[in-house]
Each structure stands twice: as structure tokens, then as C-alpha cells.
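Thanks for coming. I will put one structure on the screen and walk through a few parts of it. Please have the sequence open as well.

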Amino acid sequence: MNGEASLTNSGQLLGTVVAVQANFYRVQLDQKDKDIGEFSSNPLLLLCTRRTRLKKIGQQVTVGDRVVVEEPDWTDGSGAIADVLPRKSQLDRPAIANVNQILLVFAVTDPPLEPYQLSRFLIKGESTGLDVILCLNKSDLISSQEQAEIKQRLNSWGYEPIFISLYEGININNLEKNLSGKITVVAGASGVGKSSLINTLIPTANLRVASVSGKLARGRHTTRHVELFELPGGGLLADTPGFNQPDLDCTPEELVNYFPEARERLKNGSCKFSNCLHRDEPDCVVRGDWERYEDYLQFLEEAIEHQTWLKQQADPESNLKLKSKGKGRQQYEPMLESKKYRRVSRKKQQQTLQELYKESED
């Protein structure tokens, strides 16, 4: 018998944290009690605090956590989180636990589909170790031939996209089947229809949506925090704040494993050197004629710079800083020695004089 089953049989209340608000946690309970009355017909939500004991031991509570709730007050809809069950998975950005898969949402147009940006999101998704579902919205705005070309291209990358149209209601049922019974994180660039998708799948969510910026052809951010919403067919959906360029924080050696087409090449052969980075090394099975190889090289350069920066951070004499360049590219540059050109404050001068005066007295 697993831990959750034994807790349920012992009569303790179990639930899932669906939202975090300051020092309060919205918990959706698994079970409904006959004595609850009017609450029993709907999924019961309690606004809970965290026990002081958990604070003392440093136990954080995040969205998606499975928790034990004590002292429920059915009148006020409140309770206290007494314990957090072991997590099966955990994401740091966004902070969410026990996720089963990532639903990556992009639009085929308006804003236009950018292969480099899509590739970057896919790499970030692959780096979590979770399953990645690729969903392409606004398919009603392109021809069937264009859709077939996009599908063929993404198949060569190792992905089977689900084409949908929220406006026309195309293929929504197929998407719902992939989400049933799982905790899914919705991610993707701003303006592609993530909030609209959640509103379609869960009409009671009522998420705020915004149009695409005309000047930049990019979406506007409408989601400001992480929250789980219950799907009518079972499962939970997490909306996350939109972002246009996710960070890549993997090591140079790990990067190649996040490209399905590169993994396939490594499955059928092996490089001469075990530490091969697949650039100009001899007898490399990854280097070659595949579409995203140039993206790999760009991401590799960024991963190497990131690793260098991490080593510099461990050094007190670190002199690098991270700067964002065009098209989402990030680069580490030397940092000016600001203290060298800064005047010593009067307070510091007085402190120095006092120290010298004390030394002279001694």
C-alpha cells in the first residue's frame, strides 16, 4: 500500500495545492465528506496556512504539491497544511510540483511561427525530463498545404504536432484526450492563445486575454502567476506566465540529448570521443546535414558561456555579466569595475579615520 492510500484510509484529508497567494495556499481536496453539506456537490477548496513546524524545517509548499490538511473549518473554508508528500517531479521556473507533461502552445501565424524560438522552447521542455506535447493554434488561418509542410518539418525534428483552432473549435477533443488524468503545464510564447485555450477547455477559468501587439507581431503578457485548473474530463492544467525566450541553463554536454534527431543519430552510432561536443571533432556521428544543427551550435555556444559564467560566479573576482541581444540571444560580457571609478563616501572616510585614530591610540 502506498503512502497516499494509507493516509486516505486513516481518515486524513488529502489535497492538491492549486494556487499560492502570499502566505496562503488554495488546496483542492480529493474527497467530499457527507457532513460538508452544500460544499459536497463541487470540488472543495480550502484556503490554508502552513504549519509553523513546516516553516521551521524549511519545507516549502508550491503549486501542485500533494498535502495533508488538518483542522478544516467548513464554514470559513479554511484549514492548515500539516505535511507535504514526496514530490514525483518538480519544476523551478515556474515553481510547480508533480507535473506529468508540458503542453507547448504556439500559433502557426499571428504571431508568425519562428523556428528558432520554437526550437528554444522545445529544448527547455526536453530539459525537464517530462513528456512534451506540441500544440499549434490558429490552424484555420493557413491552407492545408501549409499545414502539411509544417507537420512534415516538425516530424523531422521528432515531434507530432496537434493542429487546433480555438476560433473554429478544430481538434479540441483530440487535445482533451491527451490531457485527461494528468497534471499538465501550459507553456509557450505570449499571444499564441494559451489563456484562450484554457478558457475553452475550462469555461469557469475566466482567464484574461489580450490581442497580439501590431508593431512587434508579438503577444502581450496576460498571465501573472501559476495556478492549477481542473479539467472537466479529469486532470489539472497549469497556466504559466508567458515569456518569449526561456533561459537555457543546461551544460554543454547535456544539450545534445534535448534534440530528438540528434538522439536518434547517437542511438545508431557513437562518436570517437566520449566528451564530443559535436562541432569539429573527428568521427562525430551527430555533426551533419540536419535542419536544426545550426540551432544546436548556437545553443551550444550559449551553454558554454553560461558554464563559464557559473564558474566566474564562484570566483569573487568575477567580471562577467549576462546581456540580452537580438532575437532572444544572450551573451556574457565583461563587467566594468564600478568601484574603481566611484568616489569614497564621507561616511566611509570617517570610518577609516576613526579606525586609524583607534590604531594610533593603541
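Look for the hairpin that β12 and β13 form, with five residues between the two strands. In its turn sits G234, with a positive phi of about 100°. Strand β12 covers residues 227-230 and strand β13 covers residues 236-239. They pair in the antiparallel sense, over four bridges. If you want one pair to find on screen, take F229, whose bridge partner in β13 is L237.

I should say now that this is a predicted model, and every value I quote is computed from it.

There is another hairpin earlier in the chain, made by β4 and β5. Four residues lie between those strands, and the turn again holds a glycine with a positive phi, G77, at about 70°. Strand β5 is residues 78-84, and five bridges join it to β4 in the antiparallel sense. V69 stands opposite I81 in β5.

Strand β4, residues 66-73, also runs antiparallel to β1, residues 13-21, with four bridges joining the two. There, L14 stands opposite V68 in β4. As a reminder, side chains in a regular strand alternate between the two faces of the sheet.

Moving just along the chain, we come to the loop between β5 and β6. L85 lies in that loop. At 11% relative accessibility, L85 counts as buried. L85 and D65 are 20 residues apart in sequence, and their C-alpha atoms are 7.3 Å apart.

S89 lies in the loop between β5 and β6 too, with β6 being residues 90-91. Is S89 buried or exposed? Its relative accessible area is 17%, so S89 falls under the 20% cut-off and is buried. What does its side chain reach? The backbone oxygen of V99, at 2.8 Å. Leaving out neighbours within four places in sequence, the contacts of S89 are A97, N98, V99 and L130.

Next, the aromatic residues. The count of aromatic pairs comes to seven. Take F259 and W290: their ring centres are 5.8 Å apart and their planes stand at 75°, so the pair is edge-to-face. Where do the two residues sit? F259 is in the loop between α7, residues 252-255, and α8, residues 260-268, while W290 is in the loop between α8 and α9, residues 293-314; the pair therefore ties together parts that are 31 residues apart in sequence. Both F259 and W290 are buried.

Compare that with Y293 and Y296. Here the ring centres are 6.1 Å apart and the planes are at 20°, so this pair is stacked. Both tyrosines lie in helix α9, three residues apart, which is about one turn of the helix. Y293 and Y296 are both buried.

Which residues make up the cluster around these rings? One aromatic cluster is formed by Y116, F259, W290, Y293, Y296 and F299.

In the sequence, R292 falls between W290 and Y293, and its charged end sits over another ring, that of W157, 4.6 Å from the ring centre.

One more arginine, R265, is found in helix α8. At 28% relative accessibility, R265 counts as partly exposed. R265 touches V285, V286, R287, G288, D289 and W290, not counting residues up to four places away in sequence. So W290 comes up again, as a contact of R265 and as a member of the aromatic cluster. For V285, the C-alpha to C-alpha distance from R265 is 6.4 Å, with their positions 20 residues apart in sequence.

To finish, the overall figures. The secondary structure comes to 10 helices and 15 strands. The protein has 362 residues, of which 43% count as buried. Taking contacts between residues at least 6 apart in sequence, 61% join residues at least 24 apart. The exposed area is about 20800 Å², and carbon and sulfur atoms supply 47% of it.

That is what I have. I can go back to any of these regions on screen.

How values were computed. Residues numbered from 1 in each chain as written. Predicted model: local features only at pLDDT ≥ 70, side-chain atom pairs only at ≥ 80, totals over all residues. Heavy atoms only, no water. Pairing = 2+ DSSP bridges. Phe/Tyr/Trp six-rings, centres within 6.5 Å; stacked < 30°, edge-to-face > 60°. Buried < 20%, exposed > 50% of the residue type's maximum accessible area, 1.4 Å probe, protein only. Lys NZ or Arg CZ within 6 Å of the ring centre and 35° of its normal. Polar contact = N/O pair within 3.5 Å; in protein donor to acceptor, adjacent residues only side chain to side chain. Contact = heavy atoms within 4.5 Å. Areas by Shrake-Rupley, 256 points an atom, 1.4 Å probe, with all protein chains shown as cover.
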